[in-house]
Amino acid sequence: MIVVMKIGAPEAEITRLTEEFSSWNLNSEKIVGKHKVVIGLVGDTVDMDPLQIQESSPWIEQVLRVEKPYKRTSREYRHGEASEVIVPTPNGAVAFGEHHPLVVVAGPCSVENEAMIVETARRVKAAGAQFLRGGAFKPRTSPYAFQGHGESALGLLAAAREATGLGIITELMDAADLEIVGEVADVIQIGARNMHNFSLLKKVGAQDKPIVLKRGMSATIEEWLMAAEYLLAAGNPNVILCERGIRTFDNKYARNTLDLSVIPVLRSLTHLPIMIDPSHGTGRSEYVPSMAMAAIAAGTDSLMIEVHPNPKKALSDGPQSLTPERFDRLMQELSVIGKATGRWFAEPATVGV
Ligand code: PEP
Ligand code: MN
């Protein structure tokens, strides 16, 4: 249920209402929008009468039921307003969201050694990326495949951060690593294979770092939004949804089917920022540029692109990784579409801290 306050509602009245709602066993969350304050109510509201709530204050404009199974994640919960995820990085704060410029995240699938991660970071930064991605802990289909260098790779990501000031996005697979990953990551990634790992979601949702939640390989949009709901319900509102391709009947020519229709669909269902990963979405570097351009045209807030200094030698996901040279060109190509849609960043692509 959401309680929309009238413009100018006094702070003391909002506090009084919050206390009253809590005496009814409802959790309230105050959401300050551009024009109005909305109080999101979560709890057992099924038998509650919106009119009765409305009568509890003359400052209440409207009480609305959120009909969707996901509540905090739904667009209604913020009365239609988009949320933004602001991430402090050494180069300044970067904002993800519908009303902000496109944010580009780039880097290798896995962190392989210091020279390659620092070189890749320098190259992607020079091309215009704001975040470096790179896995220390890798979820691999085969237990015999390279699993990532683990904790030591986190130190290498820290070195790349130090060298470039880029924000770091890296995956957390096991809640036991939350502390060490959180020390280096500016944004914690939950990978496709863990989207349904609810105990991990509860733990990562209870910490403060922003989270990229990848869509499970066979997850419906509603399952994905319910997974995001776990994060928001655990207390972390800073969630970015990343589409990375889904399993469909045909994987002969592309690794996955990149579902770009999620962009307008998510836009209507949720206030959360959207990221598109055309690298895992297609599995082939030659298809990445077209899908990245299409994603911008469709209104994505962010892109995640795998870049490797020598894709042929990559320890994971080489076939879908761009060379730094191809990434340079791609950024030029993307700028044309980004400018046309009004989403290209002015240098530097940051907001004031
Ligand atoms: C990755 O980002 O390298 C990765 C493993 O992604 P996903 O979880 O989408 O497969
Ligand atoms: Mn990868």
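This is a short chat about a predicted model, its manganese site and its two domains.

Visitor: What should I know before we start?
Guide: This is a predicted model, where local features need pLDDT of at least 70, side-chain atom pairs count only at pLDDT 80 or more, and totals for chains, interfaces and linings use all residues. Residues are numbered from 1 along each chain as its sequence is written, chains are lettered from A and ligands numbered from 1 in the order written, and side-chain values use heavy atoms, without hydrogens and water.

Visitor: Which residues coordinate the manganese ion (ligand 2)?
Guide: Cys-109 (SG), His-280 (NE2), Glu-306 (OE) and Asp-317 (OD) do, at 2.0 to 2.4 Å. Donors are N, O and S atoms within 2.8 Å of the metal (3.2 Å for Na, K and Ca); water is not among the atoms, so sites may look incomplete.

Visitor: Are Cys-109 and Glu-306 buried or exposed?
Guide: Both are buried. Buried means under 20% relative accessible area, exposed over 50%, partly exposed in between (1.4 Å probe, protein chains only).

Visitor: New topic. Where are the domains?
Guide: Domain 1 is 2–64 and domain 2 is 75–341. The bounds come from an automatic or database domain assignment. Their C-alpha centres lie 35 Å apart.

Visitor: How many residues of domain 1 are in contact with domain 2?
Guide: 13 residues of domain 1 are, with five residues of domain 2 (contact means heavy atoms within 4.5 Å).

Visitor: And how many salt bridges cross that interface?
Guide: Zero. The rule wants a side-chain nitrogen of Lys or Arg within 4 Å of a carboxyl oxygen of Asp or Glu.
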